[in-house]
Amino acid sequence: MLIEKFYSFPDTLPTNSERPEEINTGDIMLYGDNGLVLFYETFSSTYSYTRLGYIEEAIRYAQAVGDGDINVSF
């Protein structure tokens with residue numbers, strides 16, 4: 001079951017990682033120093049992430065992403 005969309009940047013980014021007890025639908029986080037993760041389900045996690053932001057209309061986002069590839073622009 002997929003619960004995220006993941007992209008690896010070619011370069012490293014600054015981090016300030018923490019271990020959130022819960023990941024929420026719509027969370028945007030950095031995994032390690034180059035992995036952008038967009039979450040579309042809420043679940044518990046023991047991994048460390050750097051929080052970058054969140055998507056306000058998380059339910060619509062989760063419905064739109066589906067199982068395939070997506071293009072994201074910030």
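Helices (H or I, at least four residues) and strands (E, at least two) are DSSP runs, numbered from the N terminus. The model is predicted: local features need pLDDT of at least 70, side-chain atom pairs count only at pLDDT 80 or more, and totals for chains, interfaces and linings use all residues. Residues are numbered from 1 along each chain as its sequence is written, and side-chain values use heavy atoms, with hydrogens and water left out.

**Exercise 1. Place Tyr61 and state whether Tyr61 is buried or exposed.**

Step 1. Find the element. Tyr61 sits in helix H1, residues 58-65.

Step 2. Apply the cut-offs. Buried means under 20% relative accessible area, exposed over 50%, and partly exposed in between (1.4 Å probe, protein chains only). Tyr61 has a relative accessible area of 11%, so Tyr61 is buried.

Step 3. Check against Ser44. Tyr61 and Ser44 are 17 residues apart in sequence and 20 Å apart in space, C-alpha to C-alpha.

**Exercise 2. Work out which residues share a salt-bridge network.**

Step 1. Set the rule. A salt bridge is a side-chain nitrogen of Lys or Arg within 4 Å of a carboxyl oxygen of Asp or Glu. The count by this rule is three.

Step 2. Take Arg51 with Glu18. Their closest N and O atoms are 3.0 Å apart. Arg51 lies in strand E6 and Glu18 in the loop between E1 and strand E2 (22-23), so this pair ties together parts 33 residues apart in sequence.

Step 3. Take Arg51 with Asp27. This salt bridge spans 3.7 Å, N to O. It links distant parts of the chain: Asp27 is in strand E3 (residues 27-31), Arg51 in strand E6, 24 residues apart.

Step 4. Compare exposure. Arg51 is partly exposed at 40%. Glu18 is partly exposed at 38%. Asp27 is buried at 8%.

Step 5. Take Arg60 with Glu57. Their closest N and O atoms are 2.7 Å apart. Arg60 counts as exposed at 57%, while Glu57 is partly exposed at 47%.

Step 6. Join the pairs that share partners. Glu18, Asp27 and Arg51 form one network.

**Exercise 3. Describe the largest pocket by volume, lining and class.**

Step 1. Define the space. On a 1 Å grid over the protein atoms alone, a pocket is an open set of points where a 1.4 Å probe fits, with protein on both sides within 12 Å along at least five of seven lines; lining residues have an atom within 4 Å of a point.

Step 2. Give the volume, the space filled by probe spheres set on the points. The largest pocket holds about 270 Å³.

Step 3. Trace the lining to its elements. Strand E1 (4-8) and strand E4 (35-39) are the elements that give two or more residues. E1 makes the largest share, three residues.

Step 4. Read the lining. The residues include Lys5, Phe6, Tyr7, Leu36, Leu38, Asp69 and Phe74.

Step 5. Sort by class. Eight are nonpolar, two polar and two charged.

**Exercise 4. Find the residues of the nonpolar surface patch and place Tyr47.**

Step 1. Set the rule. Patch residues have over 30% relative accessible area and no salt bridge; nonpolar side chains (Val, Leu, Ile, Met, Phe, Trp, Tyr) are joined within 5 Å.

Step 2. List the members. Phe6, Tyr31 and Tyr47 make a patch of about 330 Å².

Step 3. Place Tyr47. Tyr47 is in the loop between strand E5 (43-44) and strand E6 (50-54). Tyr47 counts as partly exposed, at 49% relative accessibility.

Methods: Patches are made of residues with over 30% relative accessible area and no salt bridge: like charges are joined within 9 Å, nonpolar side chains (Val, Leu, Ile, Met, Phe, Trp, Tyr) within 5 Å. Accessible areas come from the Shrake-Rupley method with a 1.4 Å probe; for residues, only the protein chains shown count as cover. Ala, Val, Leu, Ile, Met, Phe, Trp, Tyr, Cys and Pro count as nonpolar, Asp, Glu, Lys and Arg as charged, and the others, Gly among them, as polar.
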